[in-house]
Amino acid sequence: MTGRVVLVGAGPGDPELITLRGARMLAEADVVVYDRLVAPTLLDLVPAGAERIYVGKEPGRAPVPQRDIEGLLVERALGGCVVIRLKGGDPFVFGRGGEEVAACAAVGIPCEVVPGVSAAVAAPAAAGIPVTHRGVARSFAVVTGSNAHDDELDLSKVAGTDTLVVLMAAGRLARTCEDLIVAGRPANEPAAIVQWAWTPDQRSVAGTLADLPLLAEAASIGPPATLVVGSVAALPGSLGPEVSRGRLPATRRSRP
Ligand SMILES: C[S@@+](CC[C@H](N)C(=O)[O-])C[C@H]1O[C@@H](n2cnc3c(N)ncnc32)[C@H](O)[C@@H]1O
């Protein structure tokens, strides 16, 4: 009998950010195929006898190519297994979940999706930054800062959005900030970057589009990191949760 594939969003960083449904699905796994940014302790929810397969991608490097991952899901499900595909954040937000659903559909394997808490909103939230705020930001857009797939993003298409959230932002931060200024965002617009949100290694740096790249470099901010651009990044209380947890961020905002 054919098994099934369930794409489960693990949320970012903290294992408590998985949904109840996602946690329940993990307990049903015969096989779990998991990514790099998934909290390692989530694997404790998987039955002891289940097969665990790591297929993590690193910035610019994919030891297990996407086609092979899809082949693995299909092969194990055709063998009758309940296959849990555990992905960081939400499976459909820059997670290639759609390709995996399509691969299952192509051979008639039942496939379902359990959404996850995306870093797109959760990483800013970890630094106390809301992506919308009454009277300040009524729209937000989520884009990628990576050009790993040779598909350069036309930032002018989203430049008018109140809040811009840029995933995979660390590798090309200077270029992204520069492109946003060229696309019409003010150089003195508030911007913040949050690294390893919801983990003990969380750090964030805030400044402006013009000075954030240098501030982030000085603080050695690297992947995984999420950039948030807009007035919300300067609201009173931003960077608050870190302070209230008693861990001052590496660098405070450069503005007064
Ligand atoms: C390939 S994308 C996957 C996004 C994921 N599907 C989601 O919905 O959160 C990976 C990017 O998400 C962001 N990200 C994931 N986890 C993060 C974390 N704990 N802190 C900050 N950013 C994170 C970073 O921008 C990272 O480069």
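A residue here is called buried if 20 or more other C-beta atoms lie within 10 Å of its own, exposed if 12 or fewer, and partly exposed in between, with C-beta atoms placed from the backbone. By that count Phe94, with 18 C-beta neighbours inside 10 Å, is partly exposed. What you're looking at is a predicted model: local features need pLDDT of at least 70, side-chain atom pairs count only at pLDDT 80 or more, and totals for chains, interfaces and linings use all residues. Residue numbers start from 1 along each chain as its sequence is written.

**Confidence**

- The predictor's confidence in each residue is its pLDDT, which runs from 0 to 100.
- Averaged over the protein, pLDDT is 90, and 91% of the residues reach 70 or more.
- Residues 241-256 are a weak spot, with pLDDT below 50. Beyond near neighbours in sequence, that stretch has 27 contacts in the model, where a contact means two C-beta atoms, placed from the backbone, within 7 Å.

**Two domains**

- The protein splits into domain 1 (4-114) and domain 2 (119-244), with bounds that come from an automatic or database domain assignment.
- Measure from C-alpha centre to C-alpha centre and the two domains lie 27 Å apart.
- Where they meet, eleven residues of domain 1 are in contact with 15 residues of domain 2.
- Domain 1's side of that meeting has six nonpolar, four polar and one charged residues. For these classes, Ala, Val, Leu, Ile, Met, Phe, Trp, Tyr, Cys and Pro count as nonpolar, Asp, Glu, Lys and Arg as charged, and the others, Gly among them, as polar.

**The largest core and helix 4**

- A nonpolar core is a set of buried Ala, Val, Leu, Ile, Met, Phe, Trp, Tyr and Cys residues joined through C-beta atoms within 7 Å.
- The largest one has 74 residues, and Ala192 and Ile193 touch the most other members.
- Helix 4 (residues 119-126) gives this core its largest share, six residues. Helices (H or I, at least four residues) and strands (E, at least two) are DSSP runs, numbered from the N terminus.
- Both domain 1 and domain 2 give residues to this core, so it lies between them.
- Helix 4 itself is mostly covered, with seven of its eight residues buried. Among them are Ala119, Val121 and Pro124.
- Just after helix 4 comes Gly128, with a positive phi near 80°.

**Around the ligand**

- The ligand has 27 residues around it, and Gly89, Val93, Ser118, Ala119 and Ala197 come nearest. To be near, a residue needs its C-beta atom, placed from the backbone, within 6 Å.
- Helix 4 shows up again here, giving the most to the shell with three residues.
- Helix 4, strand 8 (190-195) and strand 10 (225-229) each supply at least two shell residues.
- By class, the shell has 17 nonpolar, eight polar and two charged residues.
- Each of the two domains puts at least three residues into the shell.

**Unusual backbone spots**

- As background, most residues other than glycine have a negative phi, and most peptide bonds are trans.
- Phe94 has a positive phi of about 45° although it is not a glycine, and it sits in the loop between strand 4 (82-87) and helix 3 (97-106).
- Arg96 is found in the loop between strand 4 and helix 3, and has a positive phi of about 60° although it is not a glycine. With 16 other C-beta atoms within 10 Å, Arg96 is partly exposed.
- The peptide bond from Pro223 to Pro224 is cis, with omega near -5°. Pro224 lies in the loop between helix 6 (212-218) and strand 10.

**Two residues to look up**

- Leu73 belongs to helix 2 (residues 66-78) and is buried, with 27 other C-beta atoms within 10 Å.
- Leaving aside neighbours within four places in sequence, Leu73 has contacts including Val5, Val33 and Cys104. Its C-alpha atom and that of Val83, ten residues apart along the chain, are separated by 6.7 Å.
- Arg52 is in strand 3 (residues 51-54) and counts as exposed, with 12 C-beta neighbours inside 10 Å.
- Leaving aside neighbours within four places in sequence, Arg52 is in contact with Val32, Leu43 and Val46.
- Arg52 and Gly116 are 64 residues apart in sequence and 20 Å apart in space, C-alpha to C-alpha.
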